[in-house]
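Hi everyone, thanks for coming. I'd like to walk you through one structure today, so please have a look at it with me.

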Amino acid sequence: MSNVDALDTPAMELASVDEAALPRRQYLTFMLAGEEYALDILWVQEIRGWCRATRVPNSAEFMCGVINLRGAIIPIIDLRIRFGLPRQEYSPTTVVVVLRVCTDGKERIMGVVVDAMAETYNIPDNAILPSPQVCGVMDPEFVQGLVTVEDKMVVVLDVDALLSTPELALDSASDTDN
Amino acid sequence: MSVDLSQFIPTFLEESFEGLELMESSLLDLDGCDEETINAIFRAAHSIKGGAGTFGFNAVSEFTHIAETLLDEMRSGRRSVESDLVNLLLESVDCIRSLLEAARDGVECDDPQIDTVAARLKAALDATAPADEQPTIEAEPESAAAVNSGWRIEFIPQAQMLETGNEPLMMFQALADLGELTVEVVLDQLPDFSELVPQTLYLQWQLSVAGDCTEADIREVFEWVEDECELTVEPLTSPSAIQAEPSEVTQAESPESATKNPPEPPAVTESAAEPATVPAKAATPKRKAPAESSSIRVDIDKVDALINRVGELVITQSMLSQVGHQVADMEHPATESLYAGLSQLERNTRDLQEEVMRIRMLPISFVFNRFPRMVHDISGKLGKQVELKLSGEQTELDKTVMEKIGDPMVHLVRNSLDHGLENPDERREAGKEECGTVQLNAYHQGGYIVIEISDDGRGLNTQRILEKAVDKGLVPADNQLSEREINELVFMPGFSTADEVSDLSGRGVGMDVVRRNIESLGGHVSVKSEQGVGSTFSISLPLTLAILDGQLIRVGEQETCVIPLVSIVESQQVNAGAMKPMAGQESLYRFRDEYIPLIHLQQLFQLPGKVSALDNCLLVIVEASGTKVGLLVDELLGQQQVVIKSLESNYRRVQGLSGATILGDGSVALIIDIAGVVKMGLDNDSRKALKHHNSQRELLEEARV
């Protein structure tokens, strides 16, 4: 289980000097079906290689299952399936980003499966543009905004929305018999 | 001196409750004038009073003060230890407990019992002490406080007071806050400079505080050092009294002088040596006690984190030894020592794990300790003579299990006292000793702790039980039941043998609740009884809730699941001849003399992979709350103890699972909640039946159209 550590690569400076005073955050980006997505780096706990997950009965399709993260049982979510992209076989080079999210005042740890890690960027808050209503294949509620970095479009994800959907809600109300 | 005391309140409460337990158990042990025991009780009461005063729980400190005064008289031998006094003190322990609970919850305690007991305590105190003197002297400072313009304080600390971290200067500053303070130091004891030991306090003080404050305010300042000094507080206004009294009062202060002066009425000693000024002799052992204590308080979360971490270590270690086996055949000079190192690591990790698990384990005496009191009270009420024997108190079990086993045990012991043991008359007629025996015993057996509650009473009346069971329709009248089976009937819901509902048992909480509670802990309860000789209830419980004996099974192509071993009735190969297809149910299986529904785990859990043919499946017959079902699984893997982990902490509750565990190879296996699976499976079946029914109707309708 080799931990792929992308956090050491120097952050790309994309803003000019006079914008340095603006509030900015660091974002970690990853690739998914050729597109680049960004996450607020403060949500990211660690990055690790894929290991087989244990499937959980009667769970949503995007739930790969649960794995053992140093004694804690954490759920793994396949973002491709979550976003409605075609499924891809898992291999040892498949990357799992472990996120630490806070829902309802309770801290939870979850993993998301992505294709590959990309970069870390410093992005000023005002560079993130609101996303247009139609945003490709994925549910717009997961998108916090769009940002252009080096002429590429990067989708900034709202981790909270992504991981606190009803299918992952703490109570099992959503899976009552239907 | 403004320190936020509120942070110490939880500790104070915890210690006070422990103190109360100690008082209770010591009071029950008290036979005659065992000085050491009375001292222990007194000290516990004294600490509670002091702490309560500091934290402003005045109701607690006032009440405890009265009890303490009584104890003090017993301690100094001025009052003999009588059983009605002991009972009164036991009741006051209850009152203090409810007062403390009220203080903890921040509510006013309105138990009328408290006033009653307080009045009886006072009455008991007045009974020996000359009644006319004590109240007047006690009342004097109170009434004086109203007109008083200040207080004169004589403060004679013991030489070692500084060593306990008490600083007179701080106290004087606190006094200065109460009013205008004049301090006069007495240097009589001061040695030559060459002989002076800097840690020793040679000084004594005469202080006067002018201002509107009460004696209690002043005593509060000296609260922490009251055991280490001689303190006299008098009102300032009556100079003549001050002139006349000090010598008298200081004399009464020290026990030696009090005994030397026989004419001194005991009441004066009582009021002057008001428990705030405890004689130094008694106080010394109290301060030593904490230093001798060899336990520490640790947050349970820290222990759990440690247990988790060690669990991880065990998994890492087993991964390493797997690798070790693989390289064992390789030709390398270091292979041998690697191997030796690995096996040593294994031993050490196993030991470490055991030790760590033991941290959570406590001796069962924590539960047993509440019974002497209970038996004492109940036997008194019932007019029975009962001797309670405890054995195996040192048997250890997990703290969480311990917290949950108390109530079922109370129920069983109550039953034994109420229904099991006969009245003294009956016992005499039966040729038994008048005093009945209830025995609590605990021991380890395998991974379980067995707790036995036995009595030498009349035993279960099988005839009556059977009649009652037939009456209530619990068993058909023509059934032939063995004695054991009849005895087991008492655990059936809706069963109670008590002819009349008494205060003690038969309050609607039956033995079925006891059984359910125990089974929810993964244990079971059984009864052995012989008519006229006695009955024994034995509870067996897993030592810990964190670990489960599990049967590992394979479901689908690669998923491993764990079935709790306790719920497995039998595992067998599927006998195709025993399958009985039936509408609604996919199939029923003839197991022994009953038909049981089958649940296909892979289908139920919607796990991917080819569903294997029935012939290749194995059948695990499980039982949950009386319902047997057969689970179809692909393979039986092995049995092992697994550490239960929650799925909820990072994911959510999943129907049909009670948690997950981590296997030796680091992968996750799900633990099946049998009751949940049975519910799901049966729901599924009924849904399927409905669907089947509907589709047939649709076909029919289509045909009609």
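Let's start with a single pair of residues: B:Leu657 has B:Ile672, in strand S22(B), as its bridge partner. Keep in mind that this is a predicted model. That pair belongs to a strand pairing you can follow by eye, since S21(B) and S22(B) run antiparallel to each other, over five bridges.

Now zoom out a little. These strands sit in an open sheet of five, ordered S20-S12-S13-S22-S21 in chain B, and the pairing is mixed. Which are the edge strands? They are S20 (635–643) and S21 of chain B, each of which pairs on one side only. From one strand to the next, the twist averages 35 degrees.

On to the contact between the chains. Here 28 residues of chain B are in contact with 25 residues of chain A. On the chain B side, the elements giving two or more residues are helix H13 (300–327) and our two strands, S21 (657–662) and S22 (668–672). H13(B) makes the largest contribution to that side, with four residues. By character, the chain B side splits into eleven nonpolar, nine polar and eight charged residues.

One last stop, helix H17 of chain B, residues 399–420. H17 has 22 residues and reaches 30 Å from first C-alpha to last, close to the 32 Å expected. Where is the kink in H17(B)? Look at B:Ile405: the kink there is about 35 degrees, and the proline B:Pro408 follows shortly after. Both B:Ile405 and B:Pro408 are among the buried residues of H17(B), which also include B:His411 and B:Asn415.

That's my tour, thanks for listening!

Terms used:
Residues are numbered from 1 along each chain as its sequence is written. Chains are lettered from A and ligands numbered from 1 in the order in which they are written. This is a predicted model: local features need pLDDT of at least 70, side-chain atom pairs count only at pLDDT 80 or more; totals for chains, interfaces and linings use all residues. Two residues are in contact if their C-beta atoms, placed from the backbone, lie within 7 Å. Ala, Val, Leu, Ile, Met, Phe, Trp, Tyr, Cys and Pro count as nonpolar, Asp, Glu, Lys and Arg as charged, and the others, Gly among them, as polar. The expected span of a helix is 1.5 Å times one less than its number of residues. The bend at a residue is the angle between axes fitted to the seven residues ending there and the seven starting there. A residue is buried if 20 or more other C-beta atoms lie within 10 Å of its own, exposed if 12 or fewer, and partly exposed in between; C-beta atoms are placed from the backbone. Two strands pair if DSSP finds at least two bridges between them. Axes are lines fitted to C-alpha atoms, for helices over the stretch in contact, and angles run from 0 to 180 degrees between N-to-C directions.
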